[in-house]
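Ready for some practice in reading a protein structure? Take a look at the sequence and the model, then work through the exercises below.

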Amino acid sequence: MSGIEALAPVPWETRNLGRPSFEVTPAFARSPSASRLVLRLQEEEKEHGEIFVQCRTSGRNRRLLGALRSAGFRPAETSLVPWTRPSVNRVFKLFQKNPGAFLPMGAMPRDFTVAPVPRSDLPTYRGVESIARGAFSEDRFHRDPLCPPRTADRRFIFWIRDLRKDPHAALWILREKGRLAAFFFFRGGDLVLNASQKGFRGRGLGRFAYLSVFSRLDPSGRKILQSRISANNRPARAIYRALGFKFKTPEITCHYWSALHPDVSTRAQKKP
Ligand SMILES: CC(C)(COP(=O)(O)OP(=O)(O)OC[C@H]1O[C@@H](n2cnc3c(N)ncnc32)[C@H](O)[C@@H]1OP(=O)(O)O)[C@@H](O)C(=O)NCCC(=O)NCCS
């Protein structure tokens, strides 16, 4: 029996999902075995009861995907990593010359302001939470029929609270006529989480919003700017493409739930 540890705890998902949560280790992903994985899942279930396990991998790792499927994992999401080099991005340069060209008819650049948010600014953090509530629908937990929508929503609120405490994270916001319109959390050159206010979404302001924030970031230490989005997120995909970002090879995230949440079994059955 190999000594490779197959599972590692993921404490924040344990808190988010309300059940012990794990991820498949990179070492196991390089040397997968369905029987070893099943054995480890059974050991954890014996100790903890209901558990959750996640695994993100390139679609090329067929052996791993096969082992995951045999052990009861299901694909939850295909994700894309859009990336660019800000120093050579031509769209960024066009924006610096003429931001108004990125706005739909009738909107004026002077109506919008961008600013970093200090951690002490609790009212703005509360506003960001209220934007996030109900904003996300294309991520792997909202699309997973085995995860209750309330849990999937709450996960983003926990995430925002974690980011506020994270010394490497920075929050930027866009205001329209003084009102909170969109938020963007960065960790270095990674845009880790962002969303727009309900009344702001779908008005063709997305490219302007992203560019307004990207153009304010300190270029030192940000040779690459990147994010991660669900392949199902059509607005985000359209924006990154229009902004000249490239996309890395898609990855698949698989989920394992050892038993159904009691309030989702009927939902799961209703899904086609
Ligand atoms: C992603 C998001 C920030 C985009 O901002 P937005 O202001 O809604 O974007 P826009 O109105 O400028 O639309 C952007 C593009 O998507 C298209 N689009 C907008 N809504 C769409 C929809 N429901 N279905 C398909 N395409 C859509 C627009 O036509 C536009 O494409 P185009 O430039 O080719 O015309 C916003 O939709 C949002 O907050 N979504 C929820 C959170 C999220 O997904 N965050 C990002 C990933 S973590």
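**Exercise 1: A pair of helices**

Helix α6 (residues 122-132) packs against helix α8 (residues 149-165) at an angle of about 150°, and their axes are 9 Å apart. Helices here are DSSP runs of H or I with at least four residues, and strands are runs of E with at least two, numbered from the N terminus. Axes are lines fitted to C-alpha atoms, for helices over the stretch in contact, and angles run from 0 to 180 degrees between N-to-C directions. This is a predicted model, in which local features need pLDDT of at least 70 and side-chain atom pairs count only at pLDDT 80 or more, while totals for chains, interfaces and linings use all residues. Residues are numbered from 1 along each chain as its sequence is written.

Task: Work out how α6 runs relative to α8, and which residues make the contact.

Solution:
1. Because of that angle, α6 is roughly antiparallel to α8 (angles over 145 degrees count as such).
2. From α6, the contact uses Tyr125, Val128, Glu129 and Ala132; from α8, Phe156, Ile157, Ile160 and Arg164 (C-beta atoms, placed from the backbone, lie within 7 Å).

**Exercise 2: A sheet**

Task: Find the order of the strands in the open sheet, and its edge strands.

Solution:
1. The 6 strands are ordered β1-β2-β3-β13-β4-β11, with mixed pairing (strands pair if DSSP finds at least two bridges between them).
2. At the edges are β1 (7-9) and β11 (229-230), each pairing on one side only.
3. Inside this order, β3 (residues 52-58) and β13 (residues 251-257) pair in the antiparallel sense over 7 bridges.
4. Thr57 has Ile252 in β13 as its bridge partner.

Note on methods:
Parallel < 35°, antiparallel > 145°, perpendicular 65-115°, else oblique. Contact = placed C-beta atoms within 7 Å.
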